[in-house]
Amino acid sequence: MYIEKNIPLILDSTHAASKSSGSMMVRFEPMIDIPPEAMNVEIGLVHATVYNSFVNLTSTNDFKFTVDHAGISATMKTISIPAGAWSIDTLNEYIARFCEADADCPDTLFALELNPSTRMVSIQTDPTMTSPSLTLTAVTIEFAEANMAGLAGLLGFAAVDIAYGSFASGVSMVVAYGTTASTIHETVPTLQVRSDLASGGVDPFGNSSTLLASFPMTASPGARLHYAPPTIVWHELSAANGHFGSAFFQLTDGGGTEVDTNGRDFQLVLEIRYHIWLESPSDPHSQLVGSGYGNR
């Protein structure tokens, strides 16, 4: 009769022998040993835990704007936005904290909003202040400034200033809309797990590859994704009927390029399975525990 044997691999990049932004090399002690008589030796991804921490601003950008009211002449303000994994909500909060601390700016001067239907971003500008009670006479969002280009592109705005030279009496807000779809929440829409333990797979580009699994990144920026495939895709194990003491694992985007996890670790659970033929023993249970590993 044939019996199935399973070897779980529970991996965490925190404890990897070496790692980069989206990959890790793992060493096994003792080595993983596959018996020479094993048949149908396969490996599959059981579970993956990954943070959506992928950088969408690769360098520091500025959010520059000019304000003008009765107490000051036109003054340019600069909010330095560091490289990182930004979302609309975190960017809104960052800008709001700056405005709250600046006496020339209303606390709610800017509010960014993403329309999920159109993927367009709007920027609401509220020129009114309550403490002190006054209204800004002019506001310019300086998208034409060189160091705003990356942020403008991420939000879908052209590199053109948005200028409000005056505001109607009693106006509570004005709104400007991006000209192209924003990509702020679409840094890595599809995530792939690759390993040198798999063989025989073909990726979407027709190349022989080590692709184990591909799945959508459904977690919002900064959140953690727990992915467990409803059906495990099994691959031939590259070290079938042999042994191995190390393995390489990599997270890539849909194009096969390694992603930058922005310093966050990731976890993978994989399973190796194979079948062993056993003659019918007088004590079958003795053949089901520890058989074929050579280390017990």
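## A buried aspartate

Asp62 counts as buried, because its relative accessibility is 12% and the cut-off for that label is under 20%. Keep in mind as you look around that this is a predicted model.

Where does Asp62 sit? Its place is in strand 5, which covers residues 61-69. Setting aside neighbours within four places in sequence, Asp62 is in contact with Thr78, Ile79 and Ser80, and also with Asn147, Met148 and Leu151.

## The hairpin around strand 5

Strand 5 has a partner in strand 6 (residues 72-81): the two run antiparallel and are joined by 8 bridges. A hairpin of 2 residues links strand 5 to strand 6. If you would like one pair to find on screen, try Asn61, whose bridge partner in strand 6 is Ile81.

## Two nonpolar cores

Which residues touch the most other members of the largest nonpolar core? They are Leu9 and Ile272, in a core of 43 residues. Several elements give two or more residues to this core: strand 1 (2-12), strand 3, strand 4, strand 14 (190-195), strand 18 (211-216), strand 19 (224-227), strand 21 and strand 22 (267-277). Apart from this core lies another, of 34 residues, and its members include Met148, Leu151, Ala152 and Phe157. Two of these names have come up already, since Met148 and Leu151 are among the contacts of Asp62.

Ile272 is worth a closer look. Not counting residues up to four places away in sequence, Ile272 touches Lys5, Asn6, Ile7 and Leu9, then Ile32 and Ile34, then Val41, Glu42 and Ile43, and finally Leu237 and Phe244.

## Backbone points to check

A cis peptide bond runs from Glu29 to Pro30, with omega near -5°. Pro30 belongs to strand 3 (residues 23-33), one of the strands that give two or more residues to the largest nonpolar core.

Two asparagines are also worth a visit. Asn40 has a positive phi, near 55°, though it is not a glycine. Asn40 lies in strand 4 (residues 39-51), and is exposed because its relative accessible area is 52%, where exposed means over 50%. Asn241 likewise has a positive phi near 55° in a residue other than glycine.

Is Asn241 buried, exposed or partly exposed? With a relative accessible area of 36%, Asn241 is partly exposed. Asn241 is found in the loop between strand 20 (235-237) and strand 21 (243-252).

Methods. Residues numbered from 1 in each chain as written. Predicted model: local features only at pLDDT ≥ 70, side-chain atom pairs only at ≥ 80, totals over all residues. Heavy atoms only, no water. Helix = DSSP H or I, 4+ residues; strand = E, 2+ residues; numbered from the N terminus. Buried < 20%, exposed > 50% of the residue type's maximum accessible area, 1.4 Å probe, protein only. Contact = heavy atoms within 4.5 Å. Core = buried A, V, L, I, M, F, W, Y, C linked by side-chain atoms within 4.5 Å. Pairing = 2+ DSSP bridges.
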